[in-house]
Amino acid sequence: TIINLKKIFYKNNKQQTKMVAAKKASKASKASKAAKKASKARSSGEGEKRTRKRQETYSTYIYKVLKQVHSEMGISNKAMNVMNSFIQDIFERIAQQAAHLVRISGNKTLSSREIQTAVRLILPGELAKHAISEGSKAVNKYNKSTSD
């Protein structure tokens, strides 16, 4: 049947041009329908999975430190949320204080020196000393690993 249709189209040039034009119009309408459908699917959320925005927390690190200190102990979700909020708050305070120190000094670079000074200013007495010693140890370990 396809061969017969081809013979008919070739015999009558006018019919051939009409059919070609009709096919093009049909393809164009199908393409526009497909485009509309795709845009509708994108706007309504169909066809593709929605990825949930990941919440960044310190919970894995809190849990690891807890297991290092007290391996037999666990932590509840509420306690984990409190600890996470606490760490975020301390981080923001130290970052703000360090940025303030950079602005005062006129430098354009935030270095470990500004972080250390911010920790001294924010954390009280013995806690600041321990934090500074742990931070210095971590920076030295990093510098040693990158120089190799």
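**Figure 1. Helices α3 and α4 are roughly perpendicular to each other, because their crossing angle falls between 65 and 115 degrees.** The model shown here and in the other views is predicted. The two axes come within 10 Å and cross at roughly 110°. On the α3 side, the contact is made by Ser59, Ile62 and Tyr63. On the α4 side, Met80, Met83, Asn84 and Ile87 take part. By class, five of the contact residues are nonpolar and two are polar. No charged residue contributes to this contact of α3 with α4.

**Figure 2. Asn84 sits in helix α4.** Is Asn84 buried or exposed? Its relative accessibility is 10%, so Asn84 counts as buried; the cut-off is under 20%. Beyond residues up to four places away in sequence, Asn84 touches Thr57, Tyr58, Ser59 and Ile62. Ser59 and Ile62 belong to the α3 side of the contact between α3 and α4, and Asn84 belongs to the α4 side.

**Figure 3. Gly74 lies in the loop between α3 and α4.** The loop follows α3 (59-69) and precedes α4 (77-105). Gly74 has a relative accessibility of 53% and therefore counts as exposed, for which the cut-off is over 50%. Which residues does Gly74 contact, leaving aside its neighbours within four places in sequence? They are Leu66 and Lys67. Tyr63 is 11 residues from Gly74 along the chain. The C-alpha atoms of this pair are separated by 8.2 Å. Tyr63 is also one of the α3 residues in the contact with α4.

**Figure 4. Leu110 is placed in the loop between α4 and α5.** At 49% relative accessibility, Leu110 counts as partly exposed, because the value lies between the cut-offs of 20% and 50%. Leaving aside neighbours within four places in sequence, Leu110 is in contact with Ala98, Ala99, Val102 and Ile115. How far apart in space are Leu110 and Ala95, C-alpha to C-alpha? The distance is 9.6 Å, with the two residues 15 apart in sequence.

**Figure 5. The largest pocket has a volume of about 720 Å³.** Its lining comprises 17 residues. Ile94, Leu123, Ala131, Glu134 and Gly135 are the closest of these to the pocket centre. Which elements give two or more residues to the lining? They are α4, α5 (112-122) and α6 (125-147). By class, the lining has 14 nonpolar residues. Two polar residues and one charged residue complete the lining.

**Figure 6. The whole protein sets the context for the close-ups, with six helices and zero strands.** Along the sequence, the pattern reads α-α-α-α-α-α. The protein has 148 residues, and buried residues make up 10% of them. Asn84 counts as buried at 10% relative accessibility. What share of the contacts between residues at least 6 apart in sequence join residues at least 24 apart? The share is 27%.

Key. Residues numbered from 1 in each chain as written. Predicted model: local features only at pLDDT ≥ 70, side-chain atom pairs only at ≥ 80, totals over all residues. Heavy atoms only, no water. Helix = DSSP H or I, 4+ residues; strand = E, 2+ residues; numbered from the N terminus. Buried < 20%, exposed > 50% of the residue type's maximum accessible area, 1.4 Å probe, protein only. Contact = heavy atoms within 4.5 Å. Axes fitted to C-alpha atoms, helices over the stretch in contact; angles between N-to-C directions. Parallel < 35°, antiparallel > 145°, perpendicular 65-115°, else oblique. Nonpolar A, V, L, I, M, F, W, Y, C, P; charged D, E, K, R; others polar. 1 Å grid on protein atoms, 1.4 Å probe; cavity = no way out; pocket = protein on both sides within 12 Å on 5 of 7 lines; lining within 4 Å. Points joined across faces, edges and corners; volume = space filled by probe spheres on them.
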